[in-house]
Amino acid sequence: MTSGLPLFFVITVTAIKQGYEDWIRHKADNAINQCPVHVIQHGKVVRKQSQKLRVGDIVQVKEDETFPCDLILLSTSREDGTCFVTTASLDGESSHKTYYAVQDTKAFNTAEEVDTLHATIECEQPQPDLYKFVGRINIYLDRDEPIARPLGSENLLLRGATLKNTEYIHAVAIYTGMETKMALNYQSKSQKRSAVEKSMNAYLIVYLCILISKALINTLLKYVWQADANRDEPWYNQKTETERQRHVLIRAFTDFLAYMVLFNYIIPVSMYVTVEMQKFLGSYFILWDDDMFDEELGERPLVNTSDLNEELGQVEYVFTDKTGTLTENNMELRECCVDGHVYVPHAICNGQILPGAAEMDMIDSSPGVDGKEREELFFRALCLCHTVQVKEEETVDGIKRGIHQGKSTSFYISSSPDEVALVEGMKRLGFTYLRLKDSHMEILNRDDEMERFELLEVLNFDSVRRRMSVIVRSSSGEYYLFCKGADSSIFPRVVSGKVEQVRARVEHNAVEGLRTLCVAYKKLTHEEYEKTCRLLNSAKLALQDRDKKLAEAYDVIEKDFILLGATAVEDRLQDKAADTIESLHKAGMKVWVLTGDKMETAAATCYASKLFHRNTQILELTTKRTEEQSLHDVLFDLSRTVLRHHGSMTRDTFSGLSGDCQDYGLIIDGATLSAVLKPTQDGNNGGNYKEIFLEICRNCSAVLCCRMAPLQKAQIVKMIKASKEHPITLAIGDGANDVSMILEAHVGIGIMGKEGRQAARNSDYAITKFKHLKKMLLVHGHYYYIRIAELVQYFFYKNVCFIFPQFLYQFFCGFSQQPLYDTAYLTLYNISFTSLPILLYSLMEQHINMDILKRDPSLYRDIAKNSLLRWSTFIYWTFLGVFDAMVFFFGAFFLFDNTTFTSNGQLMATNTQMMFGNWTFGTLVFTILVFTVTLKLALDTHYWTWINHFVIWGSLLFYVIFSLLWGGIIWPFLNYQRMYYVFMQMLSSGPAWLSIILLIIVSLLPDVVKKVLCRALWPTTTERIQTKRQCLTAEQSTIFMLSQTSSSVSF
Amino acid sequence: MAASYNAKEEDGHLSGSSGLGGTAIRTRKPDNTAFKQQRLPAWQPILTAGTVLPAFFVIGLIFIPIGIGLFVTSNNIKEIEIEYTGTETSSPCFNCSHNFSWNSTTPCKCVLSFFLDQPFESNVFMYYGLSNFYQNHRRYVKSRDDSQLNGDLNSLKDPSKECEPYRFNEKPIAPCGAIANSMFNDTLDLFYIDPNGTKNPIPLIKKGIAWWTDKHVKFRNPAGSNLTAVFRDTAKPVNWLKPVYELDTDSENNGFINEDFIVWMRTAALPTFRKLYRIIQKKNNMTPTLPRGNYTLEVTYNYPVRSFEGRKRMILSTISWMGGKNPFLGIAYITVGSICFFLGVVLLFIHHKYGNRNNSSDISN
């Protein structure tokens, strides 16, 4: 009963929490399952509950409605068979995407017409990739032979997306329920557990062992002691007949269990509830933090899990993405280079473009007629080769951006900010992309003339090819293929053009930290175009391996280019990114940048963000170097450099702080990395490479990994996680390509940026700006860690204090499992007498002011490596608990044993000597216990707000009031009245007061002395700063004078 | 303790700045309270040698006098302990203890004489003490029925199961349970031997030895005018010589509210304990309660303890404001006070030597 109640409490709290969450989920489920859907049956629109939707139903969706399942678009209210959809709830991209109806069905516009349609659809098995779909529709028009049409992701409307700017659509359901892509993407995240939780569990095992050994020892001693029958069963204390007849083994076993029950409080069950509550409530401080609120986006940070709060204070490795994380992902065209001539468009001021084309400056030499033609072709290429959409002003109110020519205001939307930057840059250079209308792209050239190009094919961008192409037909009937992409993917495919000049310029720009793209084109004859078309169509129609076939087709088509030029887009560093990185460095964290960008660009960003300093010695481990030497040699070379220096450093400068010593930066690219990680054939040094590489990394303060595929990012994180120190890793990124590493790292942080919400959704915490990471780690992480560390240690401590006297009491009560405390005290100790102060402490404690924490990142090193939960600390706390318990027990013991412990009964009318029994003994111990553990916490509190005062003094007061009440009444529902007036009688005795005061002071003394001595003799950085701050408050001097006077008095 | 009050006034300032933001933004902006920003005004004490020093000296200075006071008071208390178990053949009670049998009808008596070399001035308290008697054994402690003792008639007829095996002896046992069954039933009488040899009985007061609340609230006789009638359908505890309604002739001290019984029912915390037996009231200010001289203690030996190697003793003690004789508390206070004082000195030394060093190193940083 007494031990069951706390357990019951714990289970109830958990059950209520889970039940509440389930109920919310159930409500949400119902709302979705029962929301009405319009289905076409027999030519009529019928309402149906969405849970009754079946595959093959034809659904009508109206504007601003959400698609109930995955649908194939058949027809829309628009004539061209397109509809606009926003997938904001799926990936966070709020831009409108265009989806296309199947060409042959777009005429079936009304419900009746749709009903007459006969078609079958073949599609692949459901799979989670949102952007991939292959299928085929066979339409049986009047003829027998069906027409087969390919279906791609452009025909597939995803559940969860919303219809926009389109009156209604008709579509056929193909995946429903759990088979929809949205449902398949509900990836159950693997449970992440923090280092604190791991040490907590380790401690728990230790305590479990202590519990079992205590019970075993007592059981054993009991039977040794009871060997004498007069002890086992003296005349005054006979057993019942049934007890006597029980087998000795059964008796021993029940005794063992009884001891387990008696001592089970040493396992702090309520700690789990408190930890849960602390984490849950504590995470609100991140949400509430004003410094982490983004005015621009109007977004607060997101806390997706509160389980990892304290892990934020333990981070040793930070893996960060570059684009959108370190940089703004706010692109701006800085320059373009056509055949070596450099054009710099004028800077835009607040989105307003300085008018006129005369702003082109920095033209090296006025190009000739030929050059002029090339130049204009280059601009047209950039105007045409993109997937940008134009958003008319009417649809969005309030924001006016990209104003043009007074005709209609519009702005560009694209999934890639680079493209927007390019198209906007082109506008400033005189070529304005107007719109895509009836498959014709309209652009306005420098002379304000409208040029129309028919858009024939778009060869979409993908990260493998790293380029995209369009095929257009000009009004004069010429076919062009324009291609833009990364230099590495364009140059090998170029056959003519001023490759050298452009390459030089591209490299120059890359070093500057600009993102470069190359543009190339080729002219196609009609026959070539036809051939291309066939190639593409056959690839698109393929049901299996469509992607592979498309890639092959693209490979064939995109070659023999003529190089036009290159562009450079600047991606500005985020606000205070450099400052943040510097702070992280000072806090002892290693920052790795993992990016898909090319080495030069990434390295430039690293310099700009102070990841590399001017005196950082850069070690390169790139394909370029491994081409010259074998990988083996390079690795050994590098490790020798690093280790030699490391060795000399440890000899010369003994202080571990790497303030002025040489630090290293490593640059590695994706190809080399996979070579390093790949197990070699000969086996014997396969693991070696990895080891050497890790060794090098460990000695580098910063590492840059460029040309990384998303999976490689996760691989790196995994590798570091698995290295022998098992460091705590943090991954931060904003894009879908960072999701894998965010999921892999101990702590995943998403940035709510421009590249959608995928990273934020999969992260543990999401913030709006990279700079917020500083406060998140240095302040919140630090606080969370010290709070939870104290919480864990304190819980074990207070339960040792609680239970150890009971253990000692067994030696004096004939090992009979007699509890020392009353049932109510046993039950309420953890639930109410000592629960709130520690919970509030673990929410409010600030051992150092947060401004100091932010200003002085090196304080973070003080808590690194789980330092507050080391075994030595744990043992210290446990021994402190044992010591305190001994003080409580033997203090009370000697008072009771040495002589009559009596009350002089002044509360009572007569001046009598009253005897105290075992319950008074227990109550005395318990009173000292409650006061000591609460005051111990008070001594540890560095930040006394009114809440702390209220809770600490309040729970002591509550204890007293409760005891008075509990002992003050004959409780009718109880079998026992053993506590009746016990507490009052105790308080009416002078020696009880004196001994309570004495024993509390004695048990607190060693901890105070230890703290003071440690602070005076071996202060940590944290303590130094605390003391220093105190010096500044000038109260120090008065105290010192006070102590001087008091000491002089005493001498 | 040194402290600094760190009241943050940024609250108002910050909310002022948030007013500049657009209304749309403001709705999602977190509220600005000092609590949410973790900037509540707070007292931030730090335990350093400097701050703890005065506390140590103060504790030392307060504790040592208290300890001395306690020690002196405790030493002034007079106490005499007389063991009468009768384990040794020389002991007057040897025969009684040796020949003890539960069935004997005639009480065995033994007489012990002792000499008080100092008079006991104020009220004297008379205790009996038992050793090696496990009144705190779990089986023993729970073997009682509080509602029966509170006069509940149902419990009188059907005592609680906890009382097993002292629950029924054909009829329900009242008072049931092991505690009641093993009630101490030796009779102790004290006589002062005048210098001329006459034997004067010393008046022993048997009321006012139990807690007032126990006597008046917790323990109650079952309703009924006649105790004998009330307890008619019950059996006496197995080891008792007399039924519960014959514990005393005084109706105010009979049955469950017999104070000897109540005192016994308050189970002792430790296997060696003493319980208050009688009070010897001071007669007047002129003569001491117990003058110097020869005394005899007459014991009616009913209570066997030798089977479990127990000891019985009689204690006479005076009391003070702090209760009975208790040197431990005084010594403890003196010790702790001295340790605190000593630590204060050590800390002063450390503070002088290292406190300055820390400060200077901070400044150099």
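The nonpolar cores and the enclosed cavities of the structure are described below. This is a predicted model, in which local features need pLDDT of at least 70 and side-chain atom pairs count only at pLDDT 80 or more, whereas totals for chains, interfaces and linings use all residues. Residues are numbered from 1 along each chain as its sequence is written, chains are lettered from A in the order in which they are written, and side-chain values use heavy atoms, with hydrogens and water left out.

The largest nonpolar core (buried Ala, Val, Leu, Ile, Met, Phe, Trp, Tyr and Cys residues joined through side-chain atoms within 4.5 Å, where buried means under 20% relative accessible area with a 1.4 Å probe, protein chains only) holds 188 residues, and those that touch the most other members are Phe926(A), Phe114(B), Trp264(B), Leu297(B), Met314(B) and Leu316(B). Helix α26 of chain A (residues 772-810) contributes the largest share of this core, 18 residues, helices being DSSP runs of H or I of at least four residues, numbered from the N terminus. A second, separate core of 50 residues includes Ile286(A), Ala702(A), Tyr765(A) and Ile767(A).

Cavities were taken as sets of points, on a 1 Å grid over the protein atoms alone, where a 1.4 Å probe fits but cannot get out, with lining residues having an atom within 4 Å of a point; grid points are joined across faces, edges and corners, and a volume is the space filled by probe spheres set on the points. The count comes to 9 cavities of 30 Å³ or more, and the largest has a volume of about 120 Å³. Of the 13 residues that line the largest cavity, Trp919(A), Arg978(A), Arg144(B), Lys218(B) and Met265(B) are the closest to its centre. The second largest cavity contains about 80 Å³ of space, and helix α6 of chain A (residues 229-232) gives the most to its lining, with 3 residues.

Technical notes: Helix = DSSP H or I, 4+ residues; strand = E, 2+ residues; numbered from the N terminus. 1 Å grid on protein atoms, 1.4 Å probe; cavity = no way out; pocket = protein on both sides within 12 Å on 5 of 7 lines; lining within 4 Å.
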